[in-house]
Amino acid sequence: MKHLNVYIHFKDNCEEAFNFYQSVFGGEYEALSRYSELPPQEGMPPLSKEDKNLILHMTLPIGETTKLMGSDMAGPWASGLNTGNNFSVSLQTDSKEEADHVFSGLSADGKVTMPMQDTFWGSYFGSFQDKFGINWMINYDLGTNE
């Protein structure tokens, strides 16, 4: 496995929080995208103008192999967010096979929130809550690894 990072979810202040973290850790954002960049999804209601400006994904490297990642939870995803369940363990794998193995093993008897699949951002990705209530995100970068 490549590395493990923490992914923090916010109600609507991810950018403010990350600007604070950047003031402490320094560095430059490796990624910053907003909900306005999200392609339309079947069955999902349109986002409000305010929600479209929120952070879809943000990455701040804070060490040689450590990254702090985060997003705002907007629209229908925001309702279940509470302090205490607002983070995920994000695992970057070396292959699709490893991603599938880890996903199927750790999600056993848990709740899958997104099955492993190729994504519009160029990753093979899935997420779940394990049987102990811990949120996980499994990611394999397709463009740099295949």
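The exercises below, each with a worked solution, concern a predicted model.

**Exercise 1. The length of helix α1**

Task: Find what end-to-end distance helix α1 (residues 14-25) should span, and compare the expected value with the model.

Solution:
- Step 1. Helix α1 has 12 residues, and the rise is 1.5 Å a residue.
- Step 2. The expected span is 1.5 Å times one less than the number of residues, which gives 16 Å for α1.
- Step 3. The C-alpha atoms at the ends of α1 are 16 Å apart, so the model agrees with the expected span.

**Exercise 2. The two faces of α1**

Task: Which residues of α1 are buried, and how are they placed around the axis of the helix?

Solution:
- Step 1. The buried residues in α1 are C14, A17, F18 and Q22.
- Step 2. Looking down the axis of α1, one finds the buried residues within an arc of 140 degrees, so they line one face of the helix.
- Step 3. A general rule helps here: an α-helix has 3.6 residues a turn, so residues three or four places apart point the same way.
- Step 4. On the face turned away from the buried side of α1 are the exposed residues E16, F20, S23 and V24.
- Step 5. The buried residues of α1 have packing partners in three strands: β1 (3-10), β3 (55-61) and β4 (67-72).
- Step 6. After α1 comes G26, which has a positive phi, near 80 degrees.

**Exercise 3. Salt bridges**

Task: How many salt bridges are there, and which parts of the chain does the pair E15 and R34 tie together?

Solution:
- Step 1. The cut-off is a side-chain nitrogen of Lys or Arg within 4 Å of a carboxyl oxygen of Asp or Glu. The count by this rule is three.
- Step 2. One of them joins E15 to R34, with 3.0 Å between the closest N and O atoms. E15 belongs to helix α1 and R34 to strand β2 (residues 31-34), so the salt bridge ties together parts 19 residues apart in sequence. E15 is partly exposed, at 30% relative accessible area, whereas R34 counts as buried, at 18%.
- Step 3. Another joins K67 and E30, with an N to O distance of 2.8 Å. Here strand β4, which holds K67, is linked to the loop between α1 and β2, which holds E30; the two residues are 37 residues apart. K67 is partly exposed at 23%, and E30 is partly exposed at 48%.
- Step 4. The side chains of K96 and D118 also form a salt bridge, at 3.3 Å from N to O. K96 lies in helix α3 and D118 in strand β6, 22 residues apart. K96 is partly exposed at 24%, and D118 is partly exposed at 46%.

**Exercise 4. Two serines in strands**

Task: Are S90 and S71 buried or exposed, and which residues does each touch?

Solution:
- Step 1. A residue is buried when its relative accessible area is under 20%.
- Step 2. S90 is part of strand β5 (residues 87-92). Its relative accessible area is 10%, so S90 is buried.
- Step 3. Leaving out residues up to four places away in sequence, S90 touches H3, L4, N5, Y7, M69 and M137.
- Step 4. S71 sits in strand β4. Its relative accessible area is 4%, so S71 is buried.
- Step 5. With residues up to four places away again left out, the contacts of S71 include Y7, I8, H9, F10 and C14. I55, L56 and H57 are also among them.
- Step 6. From S71 to T59 the C-alpha distance is 9.1 Å, and the two are 12 residues apart in sequence.

**Exercise 5. An unusual phi and a surface patch**

Task: What is the sign of phi at D109, and which residues form the nonpolar surface patch?

Solution:
- Step 1. Most residues other than glycine have a negative phi.
- Step 2. D109 is not a glycine, yet its phi is positive, about 65 degrees.
- Step 3. D109 is placed in the loop between α3 (96-107) and β6 (111-118). With 68% relative accessibility, D109 is exposed.
- Step 4. The nonpolar patch is formed by V6, F87, F132 and I134, and together they have about 370 Å² of accessible area.
- Step 5. Of these, F132 lies in the loop between β7 (123-129) and β8 (135-141). F132 has a relative accessible area of 67%; exposed means over 50%, so F132 is exposed.

Key. Residues are numbered from 1 along each chain as its sequence is written. This is a predicted model: local features need pLDDT of at least 70, side-chain atom pairs count only at pLDDT 80 or more; totals for chains, interfaces and linings use all residues. Side-chain values use heavy atoms; hydrogens and water are left out. Patches are made of residues with over 30% relative accessible area and no salt bridge: like charges are joined within 9 Å, nonpolar side chains (Val, Leu, Ile, Met, Phe, Trp, Tyr) within 5 Å. Accessible areas come from the Shrake-Rupley method with a 1.4 Å probe; for residues, only the protein chains shown count as cover. Helices (H or I, at least four residues) and strands (E, at least two) are DSSP runs, numbered from the N terminus. Buried means under 20% relative accessible area, exposed over 50%, partly exposed in between (1.4 Å probe, protein chains only). The arc is that of the directions from the helix axis to the C-beta atoms. Contact means heavy atoms within 4.5 Å.
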